[in-house]
Amino acid sequence: MRIGVIALQGGFAEHIAAFSRLDIDALPVRLPSQLDGLDGIVIPGGESTAVNRLMREYGLVGPIRELAGQGLPVWGTCAGMVLLAGKASTPANGSLGLMDIEVERNALGRQVDSFESDLSIPTLGDRPFPGVFIRAPLIKTLGDGVEALCRLPNGAVVAASEANRLACSFHPELTDDLRFHEYFLTLSRGDAFTKSSY
Amino acid sequence: MEKGTWKVKTGLAQMLKGGVIMDVVTPEQAKIAEDAGACAVMALERVPADIRADGGVARMADPAIITAIMETVSIPVMAKCRIGHFVEAQVLQSLGVDFLDESEVLTPADESHHIWKHDFRVPFVCGCRDLGEALRRIAEGAAMMRTKGEAGTGNIVEAVRHMRAVQDGIRRVQGLPQEELMWEAKTLGAPLELVIEVHNTGRLPVVNFAAGGIATPADAALMMQLGAEGVFVGSGIFKSGEPVTRAQAIVKATSHYQDPAIVAEVSRGLGSAMAGLDIKTIPQQELLSSRGW
């Protein structure tokens, strides 16, 4: 099992470290040739405008869309979610368009409003998940076939899945809780996530 | 729900990694920086090269400039306050700035004490010349570090010196037997707990960028290969012949710092870099990096 983490800018090392703790090979991806032979792709947090620009410049957008179309699991966290969205407030046309969701960037405010909060994510079991929100985006609308995995107490959607695609506003890679990473791996393996193991 | 935690402060710095933070003095420059792929901008009244040339007392920028830049771009906006000037820091935090740089580029307000940064909800970045200085700032609450380098010179030599000093310090602490850590903490002038953390992890507790003198894509890649996790470019972009191309080139070189072919490609036909300064020609009292301790 090999997971590729887009490593152009942002928190890619943290994702690679989280997968390593699960004994999974995770490799940094900066160029299209590095997408060969992967079982999943993670687009990490960072600045979506910067990552978007570099992904386009180095020809990653087309190949990632193609691989996702063939069924390769893709997970976007924070800026990665913005890039996965079919529609994002800005960059308006810059996203990969891999999920039928509309995302508003920095919807939860500037850095002084960044926060931590325990989240209820039924898919991952009963134990609360530590949510780390940094200048976080929100999912404003979900298309048919998109499942909300997590909502804030006010109802705002902060994690969702659609077939082999996964998106979250927060940063599981900045915590010690590996359940979200484990859940993504079940998509790559094609087997069921067993809550009971947690 | 808890705001302004250590995790969200250091976490924002982690999300800036692999990126370029550019000094800008107008909303137009901020837009150019954002479009070029900057991961954040530093909103200033004057870039360091001009501060150096103008002399006099350099202070926090006019809030009108900072606010105008915040309204123009969607990426994080940083601003500088003077060393020890906690009221400038309060003012900048109230504007909603995303990151504060307690910076030696401005004239210090306090020659003994830096700001107690734990009191703030906004994260701080501070400059350092070696491991001891980095750990002192982190103990005061800095959520991100950068080398001081020698700002406004377009000369990378001091940034290299400071990055090597930090890395040497880390390697040394890592290799020491436990019973020597107390002495090392005393020698470094740094808290024992942080020295122990560096000993155990082999890295600074927060992200460390390079700053001060970066003028070319190769400068940026050099600092990344020396262990920087991202770069600040001050005067190097908007004091150069073709800021747009240079900004894009430095972004690409920072991302692909391990790939000399890409650094070569982006370095082609960039026009003139900013005119540089030999550090040895700068009078001792005008060196910015010796401000703060």
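## Cavities and a sheet shared between chains

A search of the whole structure, which is a predicted model, finds two cavities of 30 Å³ or more. The table sets out their volumes and the make-up of their linings.

| Cavity | Volume | Nonpolar lining residues | Polar lining residues | Charged lining residues |
|---|---|---|---|---|
| Largest | about 190 Å³ | nine | eight | six |
| Second largest | about 140 Å³ | seven | four | three |

The largest cavity is lined by 23 residues, and those that lie nearest its centre are Asp23(B), Pro48(B), Ala151(B), Gly212(B) and Gly234(B). Two elements of chain B, the strand β9 (231–233) and the helix α11 (235–238), are the ones that give two or more residues to the lining of this largest cavity.

For the second largest cavity, 14 residues form the lining, and Gly46(A), Glu47(A), Cys78(A), Asn106(A) and Arg135(A) are the closest to its centre. Elements of both chains take part in the lining of the second largest cavity, since α4 (79–84) of chain A and α1 (6–15) of chain B each supply at least two residues.

Chains A and B also come together in an open sheet of three strands, which has the order β8(A)-β7(A)-β1(B) and antiparallel pairing. In this sheet β8 (129–133) of chain A and β1 (2–3) of chain B stand at the edges, and because each has a single partner strand, one side of each is left without a neighbour in the sheet. Strand β7 of chain A, residues 115–119, pairs with β8(A) in the antiparallel sense over five bridges, and within this pairing Leu119(A) has Phe129(A) of β8(A) as its bridge partner.

Methods
Residues are numbered from 1 along each chain as its sequence is written. Chains are lettered from A and ligands numbered from 1 in the order in which they are written. This is a predicted model: local features need pLDDT of at least 70, side-chain atom pairs count only at pLDDT 80 or more; totals for chains, interfaces and linings use all residues. Side-chain values use heavy atoms; hydrogens and water are left out. On a 1 Å grid over the protein atoms alone, a cavity is a set of points where a 1.4 Å probe fits but cannot get out, and a pocket is an open set with protein on both sides within 12 Å along at least five of seven lines; lining residues have an atom within 4 Å of a point. Grid points are joined across faces, edges and corners, and a volume is the space filled by probe spheres set on the points. Helices (H or I, at least four residues) and strands (E, at least two) are DSSP runs, numbered from the N terminus. Ala, Val, Leu, Ile, Met, Phe, Trp, Tyr, Cys and Pro count as nonpolar, Asp, Glu, Lys and Arg as charged, and the others, Gly among them, as polar. Two strands pair if DSSP finds at least two bridges between them.
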